[in-house]
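Work through the exercises below with the sequence and the 3D structure in view. Try each task before reading its solution.

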Amino acid sequence: MTDDRTADANGITATYEETETERLLSFERDTGTTAAIAQNREGYAMLKVRPAADGDELERYYGFDMALDHAGELLGVSPHDLPIPDAAADMGM
């Protein structure tokens with residue numbers, strides 16, 4: 001099922017959620033590989049790339065495109081293949 005918080009494409013499922021402290025965009029590839037991009041709840045801090053939603057931060061980026069590049073590398077796909085749920089489209093702005 002796809003709504004404004006989930007998207008599926010190219011064997012990858014993306015899920016967007018908001019916790020008490022951050023906005024979180026998680027990716028899971030059909031191979032079981034995962035990656036996540038987090039940002040503070042207010043939406044203005046640097047984006048943190050993690051190997052999983054609950055994983056340790058690997059790197060921080062100012063731009064969403066750069067964070068997507070890193071997430072794509074972790075998943076072994078082009079960042080252009082990553083589905084982005086509508087609710088997450090403004091991350092990094």
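The protein chain has one helix and six strands; helices (H or I, at least four residues) and strands (E, at least two) are DSSP runs, numbered from the N terminus. The model is predicted, so local features need pLDDT of at least 70 and side-chain atom pairs count only at pLDDT 80 or more, while totals for chains, interfaces and linings use all residues. Residues are numbered from 1 along each chain as its sequence is written, and side-chain values use heavy atoms, with hydrogens and water left out.

**Exercise 1. The whole chain**

Describe the order of the elements and the overall dimensions of the protein chain.

Solution.
- Step 1. Read along the sequence, the pattern is β-β-β-β-β-β-α.
- Step 2. The C-alpha trace spans about 30 × 25 × 20 Å along its principal axes.
- Step 3. Apply the globule rule, which is 2.2 Å times the number of residues to the power 0.38, with the radius of gyration taken over C-alpha atoms. For 93 residues a compact globule would have a radius of gyration near 12 Å, and the protein chain agrees because its value is 12 Å.
- Step 4. Buried residues make up 40% of the 93 residues. Here buried means under 20% relative accessible area, exposed means over 50%, and partly exposed is in between (1.4 Å probe, protein chains only).
- Step 5. Contact means heavy atoms within 4.5 Å. Among contacts between residues at least 6 apart in sequence, 37% join residues at least 24 apart.

**Exercise 2. The first hairpin**

Which residue in the turn between strand 1 and strand 2 has a positive phi?

Solution.
- Step 1. Strand 1 (6–9) is followed by a loop that leads to strand 2. Four bridges join strand 1 to strand 2, and the two run antiparallel. Two strands pair if DSSP finds at least two bridges between them.
- Step 2. One of the pairs is Thr-6 with its bridge partner Thr-15 in strand 2.
- Step 3. The two strands form a hairpin with two residues between them, and Asn-10 in the turn has the positive phi, about 55°.
- Step 4. Most residues other than glycine have a negative phi. Asn-10 has a positive value although it is a residue other than glycine.
- Step 5. Asn-10 counts as exposed because its relative accessible area is 53%.

**Exercise 3. Strand 3 and its two partners**

How many bridges join strand 3 to strand 2, and how many join strand 3 to strand 4?

Solution.
- Step 1. Seven bridges join strand 2 (residues 12–18) to strand 3, and these strands run antiparallel. Ile-12 has Arg-29 as its bridge partner in strand 3, and Glu-17 has Leu-24.
- Step 2. Strand 2 and strand 3 form a hairpin with three residues between them.
- Step 3. On the other pairing, seven bridges join strand 3 to strand 4 (residues 34–40), again antiparallel. Arg-23 stands opposite Gln-39 in strand 4.
- Step 4. The hairpin of strand 3 and strand 4 has four residues between the strands, and Gly-32 takes a positive phi near 95° there.
- Step 5. Six of the eight residues of strand 3 are buried, so this strand is largely enclosed by the rest of the structure.

**Exercise 4. Three residues compared**

Decide for Ser-26, Thr-21 and Met-46 whether each is buried, partly exposed or exposed, and list the contacts.

Solution.
- Step 1. Ser-26 is found in strand 3 (residues 22–29). Ser-26 is buried because its relative accessible area is 16%. Not counting residues up to four places away in sequence, Ser-26 touches Thr-13, Ala-14, Thr-15, Ala-35, Ala-36 and Ala-53.
- Step 2. Thr-21 lies in the loop between strand 2 and strand 3. Its relative accessible area is 58%, so Thr-21 is exposed. Leaving aside neighbours within four places in sequence, Thr-21 is in contact with Gln-39, Asn-40 and Arg-41. Thr-21 and Arg-41 are 20 residues apart along the chain, and their C-alpha atoms are separated by 5.4 Å.
- Step 3. Met-46 is found in the loop between strand 4 and strand 5 (47–50). Met-46 counts as partly exposed because its relative accessibility is 25%. Apart from residues up to four places away in sequence, Met-46 touches Ala-38, Gln-39, Arg-60, Tyr-61 and Tyr-62.
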